[in-house]
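Below are some questions and answers on one protein model. Look through the structure before reading the answers.

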Amino acid sequence: NPETYTIEDGDIVLAAPTRARHTFAGWTGTGLSEPSTSVTIAAGSTGDRSYTATWTKNPSIFKQTVGKITYRVNSGDVAAGATIISYEGVVDGVLTIPSTVKIDDDTYAVTAIGTDAFNTEGLTGVVLPNSLKTIGTRAFYNNRFSSVEIPDSVTSIGEHAFSDLYGAFAEVKLSKSLTTIGRLAFWGNSF
């Protein structure tokens, strides 16, 4: 679509734009009382004109990397939150997991850490957000923690989630809301 036009130009038909995970719902703006998918600016038109694309979201489950963390979200269900599925890069130290992540125009609470998300990443510790509900199987397997505090929002810890952390936990503080601790969740550690 042209950014400018002159009175000598022929008719201009606005083309439909595209946007990931959205359907074009129409143009709004000059001379339109409701969104329209077909807008033609007639030859000889004068004056300022402004048009804005409107969209409807296509519900879909997809992966998105923000920073070094890859999340799985459902764009049709923001309330379900985001699951961390992997980490790109190397952490040498303590990692703070964010409580929310903004993807496209939506903000998702980080509610789950998926299977193997931080498996063998070299972490010496992790700060978990209060939005977290689930820690998946082998989520932090084979790291180097000395302590961990599981927020009270967490209801489930998967199998081997904190197994083989190379030594002794000085302290593990468990959630008051835990209903499930998977088999061998803290195996291979001494307290």
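A pocket here is an open set of grid points with protein on both sides within 12 Å along at least five of seven lines, and its lining residues have an atom within 4 Å of a point. The model is predicted.

Q: How many residues line the largest pocket, and which lie nearest its centre?
A: The space in the largest pocket is about 270 Å³. Its lining has 13 residues. Those nearest the centre are P2, E3, Y5, R49 and Y51.

Q: How many residues of each class, nonpolar, polar and charged, are in the lining of the largest pocket?
A: Tyr and Pro count as nonpolar, while Asp, Glu, Lys and Arg count as charged. Sorted by class, the lining of the largest pocket has 3 charged, 3 polar and 7 nonpolar residues.

Q: How many helices and how many strands does the protein have?
A: The secondary structure has two entries to count, helices and strands. The totals are 0 helices and 18 strands.

Q: Is the protein more spread out or less spread out than a compact globule?
A: For 191 residues the globule rule gives 16 Å, and the radius of gyration of the protein is 25 Å, well over that value. The C-alpha trace spans about 80 × 30 × 20 Å along its principal axes. Because the radius of gyration is well over the rule, the protein is more spread out than a compact globule.

Q: Which residues touch the most other members of the largest nonpolar core?
A: The largest nonpolar core has 36 residues. At least two of them come from each of β6 (69-74), β7 (82-87), β9 (100-103), β10 (106-113) and β11 (123-127). Another core, of 7 residues, lies apart from it and includes I12, L14, F24 and W27. In the largest core, the residues touching the most other members are F118, L128, I135, F140, I157 and F162.

Q: Is F140 buried or exposed?
A: F140 sits in the loop between β12 (134-135) and β13 (147-149). Buried means under 20% relative accessible area. F140 has 0% relative accessibility, so F140 counts as buried.

Q: What separates the C-alpha atoms of F140 and I113?
A: Leaving out residues up to four places away in sequence, F140 touches I113, among others including F118, L123 and F162. F140 and I113 are 27 residues apart along the chain. Their C-alpha atoms are separated by 9.2 Å.

Note on methods
Residues numbered from 1 in each chain as written. Predicted model: local features only at pLDDT ≥ 70, side-chain atom pairs only at ≥ 80, totals over all residues. Heavy atoms only, no water. 1 Å grid on protein atoms, 1.4 Å probe; cavity = no way out; pocket = protein on both sides within 12 Å on 5 of 7 lines; lining within 4 Å. Points joined across faces, edges and corners; volume = space filled by probe spheres on them. Core = buried A, V, L, I, M, F, W, Y, C linked by side-chain atoms within 4.5 Å. Buried < 20%, exposed > 50% of the residue type's maximum accessible area, 1.4 Å probe, protein only. Helix = DSSP H or I, 4+ residues; strand = E, 2+ residues; numbered from the N terminus. Rg over C-alpha atoms; globule rule 2.2 N^0.38 Å. Contact = heavy atoms within 4.5 Å.
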